[in-house]
Amino acid sequence: MIARADLVAQLALGLDLAALIGTGTGGQPLGITNQSGVASVIGGANGANLTFDHLIQMIAAPKVANAPQSNMGFAMNAKAQGYLSTLKSTTGQYLWTRKVASPTTAPTRSRATLRHL
C-alpha cells in the first residue's frame with residue numbers, strides 16, 4: 001500500500017512538471033510555460049522577491065494581450081503563497097485577503113483565481 005501511494009505521488013509530480021515546464025521534445029508534452037503566447041512575469045535574471053507589483057503585472061498582462069478574462073487563472077507554489085500571506089500593512093493588517101482555489105475544485109467566480117500548486 002505504501003509503495004503504491006508513493007508511486008502515485010511520484011507519477012503525479014511528473015505529470016505536473018510536464019504540464020508546467022515540458023519542453024515538447026524527447027517524448028515530453030509542451031508545458032504551459034513553454035507555450036508561445038503565454039505571458040509570464042519575471043523578477044530579474046535570477047528571480048526576485050515576489051511582490052504585489054508582480055501580481056498586478058500578472059493580472060494586467062493577459063488583459064493587455066486581449067485574452068479572454070472569463071476563465072483566467074494563475075498558478076503559484078506554496079512558498080509564494082505563504083510569503084504573500086505574511087505581508088502586512090503599516091497598521092498590521094494582512095494584505096492578502098483573497099481566497100485561493102483548491103487544486104481539486106473548479107473556480108466558482110468569473111474573476112481571476114489563483115490556484116495553489
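Which element of the protein has the lowest mean pLDDT, and which the highest? Colour the chain by pLDDT before anything else, since what you have open is a predicted model. Strand β2, residues 113-116, has the lowest mean pLDDT of the elements at 46, while helix α1, residues 2-21, has the highest at 88.

Now select residues 105-117. Here pLDDT stays under 50, and the model has 42 contacts beyond four places in sequence for this stretch. For the protein as a whole, the mean pLDDT is 77, and 77% of the residues reach 70 or more.

Next, switch to a cartoon view. You should find three helices and two strands, and following them from the N terminus gives the order α-α-β-α-β.

Try showing the surface. It comes to about 8,900 Å² of accessible area, with 61% of that belonging to carbon and sulfur atoms. Of the 117 residues in the protein, 15% are buried. As for contacts with a separation of 6 or more, 34% are between residues 24 or more positions apart.

Time to go inside. Select Leu55, Met58, Met72, Phe74, Met76, Ala80, Leu84 and Trp96: these eight residues form the largest nonpolar core. Colour by element and you'll see that α2 (52-64), β1 (73-76) and α3 (78-86) each give two or more residues to this core.

Stay with α3 and pick out Ala80, Gln81 and Leu84, which are buried. Where do they sit around the axis of α3? They cover an arc of only 95°, so they lie on the same side of the helix. There's a simple rule to keep in mind here: an α-helix has 3.6 residues a turn, so residues three or four places apart point the same way.

While you're on α3, click Tyr83, which also has its place in this helix. Is Tyr83 buried, partly exposed or exposed? Tyr83 counts as partly exposed because its relative accessibility is 37%. Draw a distance line from its C-alpha atom to that of Trp96, and the two are separated by 9.8 Å. Along the chain, these residues are 13 apart.

Last stop: helix α2, where you'll find His54. With a relative accessibility of 14%, His54 counts as buried, because the cut-off for buried is under 20%. Add Thr51 to your selection and look at its backbone nitrogen, which lies 3.0 Å from a polar atom of the His54 side chain.

Technical notes: Residues numbered from 1 in each chain as written. Predicted model: local features only at pLDDT ≥ 70, side-chain atom pairs only at ≥ 80, totals over all residues. Heavy atoms only, no water. Core = buried A, V, L, I, M, F, W, Y, C linked by side-chain atoms within 4.5 Å. Buried < 20%, exposed > 50% of the residue type's maximum accessible area, 1.4 Å probe, protein only. Helix = DSSP H or I, 4+ residues; strand = E, 2+ residues; numbered from the N terminus. Contact = heavy atoms within 4.5 Å. Areas by Shrake-Rupley, 256 points an atom, 1.4 Å probe, with all protein chains shown as cover. Arc of directions from axis to C-beta. Polar contact = N/O pair within 3.5 Å; in protein donor to acceptor, adjacent residues only side chain to side chain. pLDDT = per-residue confidence, 0-100.
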